Amino acid sequence: MLADNSVLVIGAGIFGLTAALELRQRGYRVTVADPGPVPHPLAASNDVSRMVRMDYGADGLYSSLGAEAIEGWHRWNACWGRDLYHEDGFLLMTSVPMASGSFEQDSYSLLTERGFPLEKLPAGDLASRYPHWNADHYIDGYFNPRAGWAEAAEITAALAQDAIDAGVLIVAGFAATRLIQDGDRVTGAAASDGRELLTDWVLVAAGVWTTVLLPDLADRMWPVGQPIFYFKPSNPENYRAPSFPPWGADIPRTGWYGFPANCEGVVKMANHGPGQRVHPDADRLTLPEQEAHCRAFLAESLPSLAALPLYGSKMCLYCDTWDGDFWIGRDPDRKGLVVSTGGSGHAFKFGPVLGGLAADALEGIENPYTKRFAWRSLGEIKSEGIRYTGE
């Protein structure tokens with residue numbers, strides 16, 4: 001049995017590791033259990049890059065949370081002594097004029113009203129500043145300098161080491177298959193090999209595997225596959241900021257977004273849309289028709305990459321909630337159980353603030369985000385716009 005005020009965190013992704021660090025800082029004894037290794041090769045937190053931005057249409061809550069997170073990314077860079085968050089900005093392009101009520105215009109209006117210095121793209125500016133893009137197709141948009149991208153796998157590894165250094169015990173090779181319950185209180189978790197870990201609190205941060213442990217949530221969250229493609233141009237320096245920053249191209253209409261070339265010269269792009277429901281252990285393979293869809297987009301929008309061979313591809317699995325909002329809260333019916341998951345394809349950018357939200361939920365502390373992310377029943381979707389603005 002673990003000591004009093006002990007917490008077992010199930011899952012060593014961005015939700016789990018940040019919760020573990022914050023809870024350890026608040027004085028809890030924390031164990032993180034994960035099938036391992038960490039970063040887990042199948043986890044959503046394990047990839048070369050994730051978008052960091054506060055552009056969320058008219059959704060002021062996520063925009064505020066994004067601004068807080070960006071401050072945290074700078075603190076993490078300083079703490080680590082290396083830049084794993086790259087503030088290269090965010091280029092948002094549209095093939096139709098920006099108009100009130102659209103994701104692009106609402107993002108621009110909200111952020112400029114809050115004092116952020118966004119740069120509207122005048123006619124012809126796309127061709128001169130961002131020459132790889134088809135300026136005949138993309139006629140409007142803006143550039144947000146207060147944004148960028150994060151090296152996801154490197155950050156997950158750094159957080160795991162930070163947790164170990166802080167006194168968190170990480171138990172790899174523990175594939176949790178069920179929660180242990182004593183009456184109406186959850187007291188631990190059992191693994192597929194029969195091992196058990198007992199604790200005062202269980203915090204489930206298992207991503208797409210959440211509903212394996214909590215099947216009663218399967219009507220409100222589920223795994224969804226989204227395609228990711230990687231290309232390696234012969235001149236990668238031409239695909240880096242400032243001429244090639246992180247970008248979104250007609251996001252509400254196409255779902256396409258992407259990143260500059262990383263240190264290995266690899267350009268990543270992905271699609272964030274309705275996706276395909278899959279089993280959490282499904283093969284992470286893209287389909288030929290998804291590659292064809294990607295190449296059709298490139299031919300129209302980014303022709304210099306359209307003919308390149310694929311450097312790689314994979315299916316990224318989201319833990320989608322029914323309304324696109326995160327799920328960070330206590331179970332109202334089972335004592336000792338907290339869930340922090342439901343990234344819905346847009347959570348990693350909030351890494352520096354996710355741990356605090358989870359710790360507040362465990363301690364019953366209200367914050368400006370508590371009600372939005374709380375344990376909830378099915379109802380009217382009020383935030384559908386975020387569903388098309390992923391990582």
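In strand S8, Ala150 is the bridge partner of Arg50. This pair is a friendly place to enter the structure, which is a predicted model. Three bridges join strand S3 to strand S8 (residues 148–150), and the two run antiparallel. They belong to an open sheet of three strands, with the order S3-S8-S4 and antiparallel pairing. At its edges lie S3 (50–52) and S4 (85–86), each of which pairs on one side only.

Strands of a sheet pair through backbone hydrogen bonds, in either a parallel or an antiparallel sense. The parallel sense appears around strand S1. Five bridges join S1 to strand S2 (residues 29–34), and these two run parallel. Within this pairing, Leu8 stands opposite Thr31 of S2. To get from S1 to S2, the chain passes through helix H1 (residues 14–25), and this β-α-β crossover is right-handed. S1 also pairs in the parallel sense with strand S13 (residues 201–204), here over four bridges. In S13, the residue opposite Leu8 is Val202.

How enclosed is S1 by the rest of the structure? Buried residues are those with under 20% relative accessible area. Five of the five residues of S1 (residues 6–10) are buried, so the strand is largely enclosed by the rest of the structure. Both of its faces are covered: Ser6, Leu8 and Ile10 are buried on one side, and Val7 and Val9 are buried on the other.

A look at the nonpolar residues adds to this picture. The largest nonpolar core has 73 residues, and those touching the most other members are Trp73, Ile155, Leu203, Phe326, Ile328, Phe350 and Phe373. Helix H2 (residues 60–80) gives the most to this core, with eight residues. Leu203 links back to S1: leaving aside residues up to four places away in sequence, Leu203 touches Val7, Leu8, Val9 and Ile10, along with Ala19, Leu23, Val338, Ser340 and Ala358. There is also a second, separate core of 30 residues, which includes Ala206, Met221, Leu317 and Trp322.

Val338, one of the contacts of Leu203, leads on to another pair of strands. Strand S20 (residues 327–330) and strand S21 (residues 337–341) pair in the antiparallel sense over four bridges. Here Val338 of S21 stands opposite Arg330. S20 and S21 form a hairpin with six residues between them, and Gly336 in the turn has a positive phi of about 80°.

Definitions and conventions: Residues are numbered from 1 along each chain as its sequence is written. This is a predicted model: local features need pLDDT of at least 70, side-chain atom pairs count only at pLDDT 80 or more; totals for chains, interfaces and linings use all residues. Side-chain values use heavy atoms; hydrogens and water are left out. Buried means under 20% relative accessible area, exposed over 50%, partly exposed in between (1.4 Å probe, protein chains only). Two strands pair if DSSP finds at least two bridges between them. A crossover is right-handed if, with the strands pointing away from the viewer, the path from the first strand over the helix to the second runs clockwise. A nonpolar core is a set of buried Ala, Val, Leu, Ile, Met, Phe, Trp, Tyr and Cys residues joined through side-chain atoms within 4.5 Å. Contact means heavy atoms within 4.5 Å.
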